[in-house]
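Colleague: Hey, I've just opened this one and don't know my way around yet. Can you walk me through the hollows and the ligand?

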Amino acid sequence: MHYQSTRNPSLTATASQAVLRGIAPDGGLYMLPGFSEAQFPMERLAALSACEISATVLALLLPDFTQAEMTGLVQAAYRSKFETEDLTPLVQVGDRYVLELFRGPTSAFKDIALSALPHLITASKAKNGIQEDILILTATSGDTGKAALEGFCDVPGTRIVVFYPNGGVSAIQKSQMVTQKGKNVAVCALNGNFDDAQSGVKAIFARCEAENPLRGRARLSSANSINIGRLAPQVMYYFKAYADLLRRGRISMGDAVDFAVPTGNFGDILAGCIAKRMGLPAGRFICASNANNVLSDFLHTGVYDRRRTFYKTLSPSMDILISSNLERLLYLVSGCDGEAVAGYMRDLASQGYYRLAPDALSAIQAELLAGWAGDAATVAAIRRVYEAHGYLLDTHTAVAWDVAERLGGGNPMVVLATASPYKFPSAVLCALGGEAANGLDEFARMRRIHEITGLPIPPGLRDLEALPALHGDVVERQDMFRYVLSKAGDAQ
Ligand SMILES: *Cc1c(COP(=O)(O)O)cnc(C)c1O
């Protein structure tokens, strides 16, 4: 079973090669053509722990590795790093369920994948006999950067460079990144938005593929969800939520469960679509966007049009107009037609939009519902849920909750909670009615939220205030390549 480029199925790679490369040589993303050989043993699901589910999913999706290898890797990735043994607790809130994906070291869902990715990369290097350092290039809308820095910090044989949009991440997210320690890490602000950072990183991959300027010194890979090694560990928590519902007697095996997913780069929700193809009885996936509602428009009309205003919202990790992983779903629903996918991506690059073939659109609409919530609706949802249920949502989760309230049907609904509310203290405090908070800094706002709600502040966020800023680099788009070369030990 080989991975294929979404733009050309004859460009194949083993799972470990795909993890090491991050992106296919033609700019496509690595994907499996089908999942018949990766069916999850559903009859055993209810008896499996979170770590066992994770190891099983990873061994099925990355078949270079045995189940025993994955068990060791999962232990090393998660042991004593997460607040709870079950990694991703499922909490009932009213008549819905919230799947808490933010109990890891950096308080966002990215920790699930980025705790595992360094181990996957190190093991893939060994399998392929690679000696050079792996240089991880990452564009972040706020949360991937810190989770990746934390995951790769001082991992032997790796280096990491993170680009974040200058002024485009929350104060806490920025503080998390610029205080990062480690001898192999670099953090740099880019004058542009997340889409600029991501397209800049993709362009560096293309240039290195063509010119090979790092020859013999380092190989590039990615910690963004364009890397299948970043996506595969996320598939686990859809199974985990289903297992929890089974164990609590809320569903019987085979019942459909819906999932509402706050979506930006389309990675998390795609992991759900993969879980479904591996045999999870998922019903509908609700793709929830903020005011950058390009995906919601696309899922209704079949036209993906990025020629629109970019908004900075209260849910910055979803401020994205080019959702990379959608390409993988297009590949699946168009029957692995690489030429069709390459055509869409060419249209998007040259004209700023593409129109999906009608068959492919119907296939996507059968699987996904879509809606969006603006900032006012987001804040109102945080307040409403806290008042009704005493449960505090972060701004991203609130977007998904709001859309789920409008689009949910008869199936049990799991809302994915992608970050701790303490990562976005101004918006959350405002929702709690803390108008008098004007003039407080973010840390004072965290303490105020704690006074109001009694919820513990995650130590990783609480202690940031005392840490020195170590990274102050800022670059323009045209300087990203040179910056990366300099971090690879090149004097150019
Ligand atoms: C990254 C992120 C998202 C969006 O996830 P995608 O996989 O990019 O769709 C949503 N919420 C939070 C808090 C995030 O960090």
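Modeller: Sure, let's begin with the second largest pocket: its lining splits into 11 nonpolar, 4 polar and 3 charged residues. Keep in mind that this is a predicted model.

Colleague: What volume does the second largest pocket have?

Modeller: About 280 Å³. It has 18 lining residues, and F102, R103, Y422, L455 and P456 are the closest to its centre.

Colleague: And how much space is in the largest pocket?

Modeller: About 1,000 Å³. The largest pocket has 42 residues lining it, with I23, A24, K202, F205 and A206 nearest its centre.

Colleague: Which element gives the most to that lining?

Modeller: That's α7, with 9 residues. Elements that each supply at least two residues there include α1 (15-21), β9 (218-222) and α13 (338-351). By class, the largest pocket's lining has 20 nonpolar, 9 polar and 13 charged residues.

Colleague: OK, on to the ligand. Where does it sit?

Modeller: In the largest cavity, which holds about 260 Å³ of space. That cavity is lined by 26 residues, and those closest to its centre are F109, K110, G264, N265 and S317. Two elements give two or more residues to the lining, α5 (143-152) and α10 (267-277), and α10 has the largest share with 3 residues.

Colleague: What's the mix of classes in that lining?

Modeller: The largest cavity has 9 nonpolar, 13 polar and 4 charged residues in its lining.

Colleague: How many residues surround the ligand itself?

Modeller: 15, and the closest are K110, D143, G264, N265 and T418. By class, that shell has 5 nonpolar, 7 polar and 3 charged residues.

Colleague: Which atoms of K110 and G264 come up close to the ligand's oxygens?

Modeller: For K110, a polar side-chain atom lies 2.5 Å from a ligand oxygen. G264 uses its backbone instead: an N or O atom there is 2.8 Å from an oxygen of the ligand. There's also G267, with a polar backbone atom 3.1 Å from a ligand oxygen.

Colleague: How much of the ligand's accessible area does the protein cover?

Modeller: 98% of the 380 Å² that the ligand has on its own.

Colleague: Back to cavities, how many are there of 30 Å³ or more?

Modeller: The count is 3. The second largest cavity has about 50 Å³ of space.

Colleague: Which classes line the second largest cavity?

Modeller: Its lining has 10 nonpolar residues, with no polar and no charged ones. Among them are Y3, M31, F35, V235 and I274.

Technical notes:
Residues numbered from 1 in each chain as written. Predicted model: local features only at pLDDT ≥ 70, side-chain atom pairs only at ≥ 80, totals over all residues. Heavy atoms only, no water. Near = heavy atom within 4 Å. Polar contact = N/O pair within 3.5 Å; in protein donor to acceptor, adjacent residues only side chain to side chain. Areas by Shrake-Rupley, 256 points an atom, 1.4 Å probe, with all protein chains shown as cover. 1 Å grid on protein atoms, 1.4 Å probe; cavity = no way out; pocket = protein on both sides within 12 Å on 5 of 7 lines; lining within 4 Å. Sits in = over half its atoms within 2 Å of the grid points. Nonpolar A, V, L, I, M, F, W, Y, C, P; charged D, E, K, R; others polar. Points joined across faces, edges and corners; volume = space filled by probe spheres on them. Helix = DSSP H or I, 4+ residues; strand = E, 2+ residues; numbered from the N terminus.
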